[in-house]
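User: I would like to go through this model with you and ask, for each label attached to a residue or a strand, what justifies that label. Please set the values against the cut-offs wherever a conclusion depends on them.

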Amino acid sequence: SLALLFVLCVPAFSQPSSKSVETFLIDNFDTDQEWSWTTSASRFVAEGYPKIGKFQGIPNSLKPFYKDSEVEPMVLGVKAAFNRKGDNWFEIYPTKDDKPVDVPFIGNVTHMDFWVWGANYNYYLEVLVRDATGRVHVLPAGSLAFNGWRNIIVSIPGWLQQHSHLRSGPETMSFVGFRIRTDAAEYVDNFVIFLDQIKYTTNPLSFIYDG
């Protein structure tokens, strides 16, 4: 009957796509966003550090994308120094109205993707994300013991709760910031890091009910 045919056809239009994949840009530092960036550090940080700012520059691999662009490519840089070796760290994170602000993710995120300039120090990079229950998770992004620019890709674990049906608290997982930790035996008197093209890959339709 016509009624039975209608019932059988409805799910075909209401099922979310499992194949839609998009890349969203959090920041490339070339243009102003609704947030700015700041940094903070552990207690043995040297006076006047860490320092943060935007600088002209771009990874060589990205230069072809700016060939015909009138936008001046910029990167985010942080310089840090500590008074003694040990478990030192500093964080880089977005702010709004002088307060830390999370950047909500869209869809079901599978990877984060960004460029990092390393100074060949034995430091460790971590990505901080907040799940849909409000809990912050630390995702290892590897060692910074390399020279020059490197594209780093961090997988988002499937067990992280990225969406919530609750009316209170965050609705989706969000990006909190980066943390850089020093190795206990590494020099800590002069370190510089640059970041560019912070992006993430996601299935934006995986949690949309199109019914």
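User: Where is Gln 162 placed, and why is Gln 162 called buried or exposed?

Analyst: In this predicted model, Gln 162 sits in the loop between S11 and S12. Its relative accessibility is 6%, and because buried means under 20% relative accessible area, Gln 162 counts as buried.

User: What does Gln 162 touch, and what makes its approach to Val 109 a polar contact?

Analyst: Not counting residues up to four places away in sequence, Gln 162 touches Gly 107, Asn 108, Val 109, Ala 132, Ile 156, Glu 171, Thr 172 and Met 173. Its side chain reaches the backbone nitrogen of Val 109 at 2.7 Å, and a polar contact requires a pair of N or O atoms within 3.5 Å, one able to donate a hydrogen and the other to accept it, so the distance of 2.7 Å satisfies the cut-off.

User: Why is Trp 149 described as buried, exposed or partly exposed?

Analyst: Trp 149, which belongs to strand S11, has a relative accessibility of 26%. Since buried means under 20% and exposed means over 50%, with partly exposed in between, the value of 26% makes Trp 149 partly exposed.

User: Which residues surround Trp 149, and which residue stands opposite Trp 149?

Analyst: Leaving out residues up to four places away in sequence, Trp 149 touches Ile 58, Pro 59, Val 75, Trp 115, Val 116, Trp 117, Phe 194, Leu 195 and Asp 196. Of these, Trp 117 is the residue that stands opposite Trp 149 in S11. Trp 149 and Ile 193 are 44 residues apart in sequence, while their C-alpha atoms are 9.9 Å apart in space.

User: How do you know that S8 pairs with S11 and with S13?

Analyst: Two strands pair if at least two bridges are found between them. Nine bridges join S8 to strand S11 (residues 147-155), and the two run antiparallel. Eight bridges join S8 (residues 108-119) to strand S13 (residues 191-203), again in an antiparallel arrangement, so both pairings meet the requirement. One of the bridges to S13 has Leu 195 as the partner of Val 116.

User: Which residues touch the most other members of the largest nonpolar core, and which elements contribute to this core?

Analyst: The core has 40 residues, and Ile 92, Met 112, Phe 114 and Val 127 touch the most other members. The elements that give two or more residues to this core are strands S4 (74-80), S5 (89-96), S8, S9 (123-130), S10 (136-143), S11, S12 (174-182) and S13. The largest share, five residues, comes from S13. As general background, nonpolar side chains tend to be buried together in soluble globular proteins. Apart from its neighbours within four places in sequence, Val 127 is in contact with Met 112, Phe 114, His 137, Val 138, Leu 139, Ala 141, Val 154, Phe 175, Gly 177 and Phe 178.

User: Why is Pro 140 called buried or exposed?

Analyst: Pro 140 lies in strand S10, and its relative accessible area is 69%. Because exposed means over 50%, Pro 140 is exposed. Leaving aside neighbours within four places in sequence, Pro 140 is in contact with Leu 125 and Val 154.

User: What is the phi of Asp 97 and of Gln 197, and why is each called buried or exposed?

Analyst: Asp 97 has a positive phi of about 55° although it is not a glycine, and for Gln 197, also a residue other than glycine, phi is positive and near 50°. Asp 97 lies in the loop between S5 and strand S6 (99-100), and its relative accessible area of 67% is over 50%, so Asp 97 is exposed. Gln 197 is in strand S13, and its 11% is under 20%, so Gln 197 counts as buried.

User: Where is the cis peptide bond, and how confident is the predictor in the chain?

Analyst: A cis peptide bond joins Tyr 49 and Pro 50, with omega about -5°, and Pro 50 is in the loop between strand S2 (36-41) and strand S3 (51-56). The mean pLDDT of the protein chain is 88, and 86% of its residues reach 70 or more. Over residues 1-16, however, pLDDT stays under 50.

Key. Residues are numbered from 1 along each chain as its sequence is written. This is a predicted model: local features need pLDDT of at least 70, side-chain atom pairs count only at pLDDT 80 or more; totals for chains, interfaces and linings use all residues. Side-chain values use heavy atoms; hydrogens and water are left out. Helices (H or I, at least four residues) and strands (E, at least two) are DSSP runs, numbered from the N terminus. A nonpolar core is a set of buried Ala, Val, Leu, Ile, Met, Phe, Trp, Tyr and Cys residues joined through side-chain atoms within 4.5 Å. Buried means under 20% relative accessible area, exposed over 50%, partly exposed in between (1.4 Å probe, protein chains only). Contact means heavy atoms within 4.5 Å. pLDDT is the predictor's confidence in each residue, from 0 to 100.
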